[in-house]
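Colleague: Got a minute to go through this one with me? I'd like to start with the interface.

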Amino acid sequence: MNMETSQAGMGNTVMCLLTDPEGTNLGSAMYIPQTAGPLQLTQLVNKFLNNEEMLPYSFYVSDEELLVPVGTYLEKNKVSVEKVLTIVYQQQAVFRIRPVNRCSQTIAGHAEAVLCVSFSPDGKQLASGSGDTTVRLWDLNTETPMFTCKGHRNWVLSIAWSPDGKHLVSGSKSGEICCWNPKKGELDGNPLTGHKKWITGISWEPVHLSSPCRRFVTSSKDGDARIWDVTLKKTLICLTGHSLAVTCVKWGGDGIIYTGSQDCTIKMWETTQGKLIRELKGHGHWVNSLALSTEYVLRTGAFDHTGRQYPPNEEMKKALERYNQTKGDSPERLVSGSDDFTMFLWEPSVSKQPKKRLTGHQQLVNHVYFSPDGKWIASASFDRSVRLWNGVTGQFVTAFRGHVGPVYQVSWSADSRLLLSGSKDSTLKIWEIRTKTLKQDLPGHADEVFAVDWSPDGEKVVSGGKDKVLKLWKG
Amino acid sequence: MPQGDYIELHQKRHGRRLDYEERKRKKEARAVHKRSKQAQNSIGIKGKMIAKKNYAEKAQMKKTLKMHEESSSRRKADEDVQEGAVPAYLLDRENTTRAKVLSNTIKQKRKEKAGKWEVPLPKVRPVAEDEMFRVIRSGKRKTKQWKRMVTKATFVGPGFTRKPPKYERFIRPSGLRFTKAHVTHPELRCTFCLEIIGIKKNPNGPMYTSLGVMTRGTIIEVNVSELGLVTPGGKVVWGKYAQVTNNPENDGCINAVLLV
C-alpha cells in the first residue's frame, strides 16, 4: 500500500534524458510529465535546439518507437519511475510524401521486357532500358513516349543519370556503354567499348567531389571495373583484381569506389590512381548488391524536395551541404547483400571487419537499399519477404510479408517514410515504416516486375517488367 | 565391258604406247570442252539430268569455297539478340521458366457458368453401377440388400461425420479416402502434392459427384497456394481445378493434371 501511494505521488513526472542517435545528450536529465506524448517532446526538442521552424522528430526508447504518451509506455513496459529514461530523438524529413495508390498510366512502347528504369535526379525525366536494345525517354507531363534511343547491340542492362541530370549513360549485354543527351534523345559520340562481357552496374562520381559531372565507374561480368570520362569518351582507369564477375559498384561520397563481386569479396579502390585500398572479406557466397548510407543524396546531387535548380558553381556547394547533413558525424556505412542469405554492415573507413552480420533471410538477398536519411536498411530477398533493419546499428526491426513470389527490387520514398517493393508475382507493395505494415497493394502488371523507382520529388512511382509496359503510379 | 583381265595382262607384258602419257594429258584437257559441249547440246530428259547434276556440283563447290574463305578472313562474332530478356541480377541464375498464369480466371468463371470445360481427357470409359458399388447384406438374417459400399477412391471433406450406421445407404470405407493428389502442371512439367478441396464433377453422373467418388476423368479442386499464383487484380489464387488421369483404386494414389 505504501509503495502504491509513493508511486502515485511520483506518478506525475518522470526523469528523462534526451539523446541524439550518435549519443550526445541534449541538456541534462529533466522531469517530464507523464502525459507528455511525442508532440510535446517534439516541441521540447525544437526549443532546446533553438530551431527556427518546427521540425518533426520521432522518439525511440530502447529501440522501440514511442507513439503513445510517456506514462502509458511506462505502464505497459513496467519501467521503474525512479530510473532515468533515455529517449533518443531522430529528425524526420520535413516534407511528407503521399503514398501512391493508383496506376495513372500504362505506357507501352518497348518491344521486349523492361530491364531497368530510372528517374533523373530532379525528377523531371524518366529513362528505361529494355531487352529490345533501346533506351527510351518518357515525357512525365503527358505520360507518353518522348525519345527512342537506338545504339546498343544487345539488351540494355543498366542505366544511370549523372547527379546533375545532364548525362544519361547505359550499359548493355555486349559490354558497350552508350552516352545519351537526355534533352534530344541522341547518342553522344560512339558507344564506349572496353568491357568484354556484360555490364552489371554503373555509378557516377558525386557532384560534391567534382562539378560538372564527368567521371563514372562501370562494373562488368569480366571481373573488372572501369572509370570512364564522359567528355573524353575513354577509359581513364581499369580496376582489375576480382577473380569473378563484379556484380555491383558504388562510388562513395568520400571518393572511394566499392565493388562487390561473385568471388565473395568487396574491394575498395581509390580513384586517382585506381589502387586497391582494402578488401572486405566475410561473405560465403556471391555479393549481390551494395548500398551506401549516403547513396540517395549522392544520386540526387544538389536537387532536393523543393525542386530548385542551381547554377553549376553553386551546385557543388549545395550538394556538399546536403551530403554532410545526411552523413552527420559518423562515417559512411556500407551494407552488402549476398547469396549466402545474410548481409553485412560495414564501416569501411574505420575497419576491415564488419560491424554486424544481418541474418534472418531464408533465401538469397537480391537487393539492399539504405533509406534516404540513412536510418533504415531495406533488403529484398527471394524468400518473398522484405526485411527492415536499423541503419546505424544493423539491428533487425521487422519483416514485411505479403509477396507470394521472390522480391526483386526495393525503392524508398524521399522522406524515408514509405518503402516500395516489386516482385516476381507481378505486384508492387508499399509498406509504411511508422506502423510497419502494408500501406498499399499495387497489382496490375501482367508478369514479373523487374525494376521499380520512386521519383525524387515523391510524386510518381514507375515500374517495368516482363510484360513490356511501363506503369506510372500516382497518389 | 572386258570380260577377264586380258587388257591388263597385255599392258603388263608389253607396256603401254609410247605416247600414252601425252595422249592422256591432252584427252583430259579436251574433256572439259567435251563435257560442256555435251551439256549444251543434249536435249530432252538426258539434258535435264545432266543439268541437274552439274548444278548440284556447282552448289557444293560454292559451299566449300565459302567455308575456306571464312576461316581465312577474321570477322567479329555478331551476337544475336536473344529472347527472354532478364535484368543483370538474374543473368547468372537458372530460373525455371514459369508459365504465364494470367487472364484465365475470367474465362474460367465464364466456363463454370456454362458448365463446359476444355479438359485433357474429354471422354472416359463409363463406369457401371455394379462396378462402382458392392452390395452389402445387412439385417439379422442377412437378407436385406439395400446398403452399398463404394469400391472407388473417394474424397470426404475435413468436417465429415458418418450418418448413423442404421440409416447410411452408401458406405465410403476410410481406406479408400484420399486427401491429397499429385497434380502436374502441364506447361511447367513439374508435379506437386496438393490438398484436395472438393470434387467438382464426376463424368459418370451427379450422384457420384455428390458422393465424392474420384474416378478417371473427374474434375477436382486443389489448393494451389504454395505455387504462389497471383491474378491480375492482385489477389492470390489458392484453388484451381485439376482432372484425374489415373485409376486411383488400382494405384493407391491420385494423379491429376492442372487445368490452366
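Modeller: Sure. This is a predicted model. Chain A and chain B bury about 2,500 Å² between them, with 56% of that on carbon and sulfur atoms.

Colleague: How many residues of each chain are in contact?

Modeller: On chain A, 35 residues touch 24 residues of chain B.

Colleague: And how many salt bridges does the rule find across the interface?

Modeller: It finds 2 between chain A and chain B. One of them joins B:Asp92 to A:Lys221, with the closest N and O atoms 3.7 Å apart.

Colleague: Which elements give two or more residues to the chain A side?

Modeller: Strand 15 (199–204) and strand 31 (407–412) of chain A. For polar contacts between the chains, the count is 5 residue pairs, both residues at pLDDT 80 or more.

Colleague: Now salt bridges generally. How many over all chains?

Modeller: The whole structure has 27. Take B:Lys152 and B:Glu249, whose closest N and O atoms are 3.1 Å apart. B:Lys152 lies in the loop between strand 2 (144–150) and strand 3 (153–154) of chain B, and B:Glu249 is in helix 7 (residues 248–251), so the pair ties together parts 97 residues apart in sequence.

Colleague: Is B:Lys152 buried or exposed?

Modeller: Buried, because its relative accessibility is 6%, under the 20% cut-off. B:Glu249 comes out at 23%, so B:Glu249 counts as partly exposed.

Colleague: Which residues are linked with them in a network?

Modeller: B:Arg125 and B:Glu131 join B:Lys152 and B:Glu249 in a network of salt bridges.

Colleague: What about A:Arg417 and A:Asp415?

Modeller: Their side chains meet in a salt bridge, 3.0 Å from N to O. Both A:Arg417 and A:Asp415 are buried.

Colleague: Switching to rings. How many aromatic pairs are there?

Modeller: The search finds 9 over all chains. In one, the ring centres of B:Phe133 and B:Tyr208 are 5.8 Å apart and the planes are at 35°, so the pair is tilted.

Colleague: Where do B:Phe133 and B:Tyr208 sit in the chain?

Modeller: B:Phe133 is in strand 1 (residues 133–138) and B:Tyr208 in helix 6 (residues 206–211) of chain B, 75 residues apart. Both B:Phe133 and B:Tyr208 are buried.

Colleague: Which residues form an aromatic cluster?

Modeller: A:Phe382, A:Tyr408, A:Phe450 and B:Tyr89 form one.

Colleague: Last one. Which charges lie over rings?

Modeller: Among them, the charged end of A:Lys173 sits over the A:Trp155 ring, 5.1 Å from its centre. B:Arg16 lies over the face of B:Tyr20, at 4.2 Å from the ring centre.

How values were computed: Residues numbered from 1 in each chain as written. Chains lettered and ligands numbered in written order. Predicted model: local features only at pLDDT ≥ 70, side-chain atom pairs only at ≥ 80, totals over all residues. Heavy atoms only, no water. Phe/Tyr/Trp six-rings, centres within 6.5 Å; stacked < 30°, edge-to-face > 60°. Helix = DSSP H or I, 4+ residues; strand = E, 2+ residues; numbered from the N terminus. Buried < 20%, exposed > 50% of the residue type's maximum accessible area, 1.4 Å probe, protein only. Lys NZ or Arg CZ within 6 Å of the ring centre and 35° of its normal. Contact = heavy atoms within 4.5 Å. Buried area = accessible area lost by both parts, 1.4 Å probe. Salt bridge = Lys/Arg side-chain N within 4 Å of Asp/Glu carboxyl O. Polar contact = N/O pair within 3.5 Å; in protein donor to acceptor, adjacent residues only side chain to side chain.
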